[in-house]
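Subject: Structure handover

Dear colleague,

I am passing on the structure we spoke about, and below it you will find an account of what turned up when it was examined. Please read the two side by side.

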Amino acid sequence: MATDAELILRRPTEDDQPGIAELVEHWFAGRRVWPLVGHTWFRHFADTSLLLETADGAPIAFLLGFRSPSRPGEAVLHLVGVVPNARRRGHGRRLVETFAAEQSAAGAREVRTIAWPDDRGAIAFFRALGFAPIDDPRTQNLYGVPALADYEFAGEDRAVLVRPLSSR
């Protein structure tokens, strides 16, 4: 595995999409994730997304995100993924911190993301980075996490996590 100094952080391009789409099912332990990495993300949100790769172009981690056009104070972290054998080395943190800093500089006051409430690894990752699940009258305790039942559609529950950004 490459050292941090050998890794390249860059913006993804449309050419990266097929390779990422092919890998994400494995990276997310068989969870049906490929629809979340459609071509549109790599075409229209490349300027606010990130890709970490080895010098020979092998993807190590990616982050897809954007600043909300409808709610400019919110940045949305759509999806972050790290190759399983490179986890717990700070790659995901690096991407999230870079995204948060860029979005804060662009005027966002918070970053929002969602996670499956039964994905303990994702919930722990986001909490370690300063995200907290929203807890309001609409949430239920699902798998030990405040989450919204049927958030996407029937049977698709999500924990909505928010991280405040430094005001500038």
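**Strand 9 and its partners**

In strand 9, Val-162 is the bridge partner of Ala-132. Please keep in mind throughout that this is a predicted model. The bridge just named belongs to an antiparallel pairing of strand 6, residues 132–133, with strand 9, which extends over two bridges. Strand 9 also pairs with strand 5, again in the antiparallel sense, and here the pairing runs over six bridges; within strand 9, Arg-163 is the residue that stands opposite Val-111. The strand, which spans residues 159–164, is mostly covered, with five of its six residues buried.

**Strands 1, 2 and 3**

Strand 2 is joined to strand 1 by an antiparallel pairing over three bridges, and to strand 3, residues 59–67, by four bridges, again with the strands running antiparallel. Glu-53 of strand 2 takes part in both pairings, being the bridge partner of Ile-8 and standing opposite Pro-59 in strand 3. Strands 2 and 3 form a hairpin with five residues between them, and in its turn Gly-57 has a positive phi of about 90°.

In a regular strand the side chains alternate between the two faces of the sheet. For strand 2 both faces are covered, since Leu-50 and Leu-52 on one side and Leu-51 and Glu-53 on the other are all buried.

**Salt bridges**

Side chains of opposite charge can pair when their charged atoms come close. The search of the whole structure finds eleven salt bridges, and I describe some of them here.

Glu-53 appears again in this group, forming a salt bridge with Arg-10 in which the closest N and O atoms are 2.8 Å apart. The pair links distant parts of the chain, with Arg-10 in strand 1 (residues 8–10) and Glu-53 in strand 2 (residues 50–53), 43 residues apart. Is each partner buried or partly exposed? Arg-10 has a relative accessible area of 24% and is therefore partly exposed, whereas Glu-53, at 9% relative accessibility, counts as buried; the cut-off that separates the two is 20% relative accessible area.

A further salt bridge joins Glu-14 and Arg-43, whose closest N and O atoms are 3.0 Å apart. This pair too links distant parts of the chain, because Glu-14 lies in the loop between strand 1 and helix 1 while Arg-43 lies in helix 2 (residues 39–44), 29 residues apart. Glu-14 is partly exposed, with a relative accessible area of 30%.

Glu-156 and Arg-158 meet through their side chains in a salt bridge of 2.9 Å, N to O. Of these two residues, Glu-156 counts as partly exposed at 23% relative accessibility, while Arg-158 counts as buried at 9%. Finally, a network of salt bridges links Arg-71, Glu-74, Glu-110 and Arg-112.

**Helix 1**

The buried residues in helix 1 include Gln-17, Ile-20, Ala-21, Val-24 and Trp-27. Seen down the helix axis, the buried residues fall within an arc of 125°, so they line one face of the helix. The face turned away from this buried side carries Glu-22 and His-26, which are exposed.

**The largest pocket**

The largest pocket holds about 1300 Å³ of space. Its lining is made up of 44 residues, and those that lie nearest the centre of the pocket are Phe-28, Val-80, Asp-119, Ala-122 and Phe-126. The elements that give two or more residues to this lining are strand 4 (74–82), helix 3 (91–105), strand 5 (110–115) and helix 4 (120–128). Which element gives the largest share of the lining? That element is strand 4, which contributes eight residues. Sorted by class, the lining has 23 nonpolar, eight polar and 13 charged residues.

**A loop residue**

Gly-144 is found in the loop between strand 7 (140–142) and strand 8 (145–147), and at 54% relative accessibility Gly-144 counts as exposed. The C-alpha atoms of Gly-144 and Asp-118 are separated by 8.5 Å, although the two residues are 26 residues apart along the chain.

With best regards

How values were computed
Residues numbered from 1 in each chain as written. Predicted model: local features only at pLDDT ≥ 70, side-chain atom pairs only at ≥ 80, totals over all residues. Heavy atoms only, no water. 1 Å grid on protein atoms, 1.4 Å probe; cavity = no way out; pocket = protein on both sides within 12 Å on 5 of 7 lines; lining within 4 Å. Points joined across faces, edges and corners; volume = space filled by probe spheres on them. Nonpolar A, V, L, I, M, F, W, Y, C, P; charged D, E, K, R; others polar. Buried < 20%, exposed > 50% of the residue type's maximum accessible area, 1.4 Å probe, protein only. Pairing = 2+ DSSP bridges. Salt bridge = Lys/Arg side-chain N within 4 Å of Asp/Glu carboxyl O. Arc of directions from axis to C-beta.
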